[in-house]
Amino acid sequence: MKRIALIMCTILALLVAACSNNSVTVEPGNDTKTEQPAKEGQQLTLTLYYVDNDLTKLMEEKQQITNPVSDKDKYEKAMELLGKPSKPEHSALWKNFEYHSITFENGTLTIDAKGTNQYNLGSSGEAFAIDALQQTMFQFPEVMKIIILVDGKKTESLMGHVSIDEPLTRSTP
């Protein structure tokens, strides 16, 4: 009788856990917990960086996205929004930026840019663009480094002014 009561309590506990609002799962063969994607209707606020219309300083802007299905979707949406400011006093530094892929592994976000991208920002514009990318992507605590490739290969610079041949790393306070 005690065994049946113990089994029933275990089943009840599993049902309660499955129905709870906290969406944490343990994958088979893995003792670490992973968070499930946001539920329908949930919003994630991203902080994005653009330049003012005079190209003299970076401007912060908050935009919301709905339901990033995965971390990769979150990074791709952030990259897309870097090219789409919502305020007229902000200018996009990553407008019409195209890439082959964005991948994340072991704390490193890799952006493989298309070599056909056209940039006309000059040295200060390129510095602002790299800074905007870093500040935007480093808002995600899991991103420790950013590697920018062009057509799958390391490159010295995107526009000829700012070195990106080494990973961009999160600065420590």
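So, secondary structure: this chain has 3 helices and 10 strands, and bear in mind that we're looking at a predicted model. If you walk along from the N terminus, the order goes α-β-β-β-β-α-β-β-β-α-β-β-β.

A few numbers for the whole chain. It has 173 residues, and 30% of them count as buried. About 11,300 Å² is exposed, with carbon and sulfur atoms supplying 52% of that. Now the contacts: take those with a separation of 6 or more, and 56% of them are between residues 24 or more positions apart.

Okay, on to the hairpins. I've picked two.

Start with β3 and β4. Strand β3 covers residues 43–52, strand β4 covers 58–66, and the two are antiparallel, paired over 9 bridges. To get your bearings, find Gln43 and look across: the residue opposite, in β4, is Thr66. Between these strands you've got 5 residues, and in this hairpin Leu55 has a positive phi, near 60 degrees.

Next, β6 and β7. That's residues 99–105 and residues 108–113, again running antiparallel, and here 6 bridges do the joining. Phe104 has its bridge partner in β7, and that's Leu109. This hairpin leaves 2 residues between the strands, and Asn106 is the one I'd point to, with a positive phi near 50 degrees.

While we're in β7, let's stop at Thr108, which sits in that strand. Is Thr108 buried or exposed? Its relative accessible area is 15%, and the cut-off for buried is under 20%, so Thr108 goes down as buried. And what is Thr108 in contact with, once you leave aside its neighbours within four places in sequence? Three residues: Thr103, Lys145 and Ile147.

Last stop, helix α2, residues 71–81. Which residues of α2 are buried? They are Lys74, Tyr75, Ala78, Met79 and Leu81. Yes, there's a lysine in that list: Lys74 is buried in this model.

And where do those buried residues go? The buried residues of α2 pack against β3 and β4, against β6 and β7, and also against α3, which is 122–137. That brings us back to both hairpins: the β3 and β4 pair with its 9 bridges, and the β6 and β7 pair with its 6. So if you have the structure up, put α2 in the middle of your view and look for the strands of both hairpins, plus α3, against its buried residues.

How values were computed. Residues are numbered from 1 along each chain as its sequence is written. This is a predicted model: local features need pLDDT of at least 70, side-chain atom pairs count only at pLDDT 80 or more; totals for chains, interfaces and linings use all residues. Side-chain values use heavy atoms; hydrogens and water are left out. Two strands pair if DSSP finds at least two bridges between them. Helices (H or I, at least four residues) and strands (E, at least two) are DSSP runs, numbered from the N terminus. Buried means under 20% relative accessible area, exposed over 50%, partly exposed in between (1.4 Å probe, protein chains only). Contact means heavy atoms within 4.5 Å. Accessible areas come from the Shrake-Rupley method with a 1.4 Å probe; for residues, only the protein chains shown count as cover.
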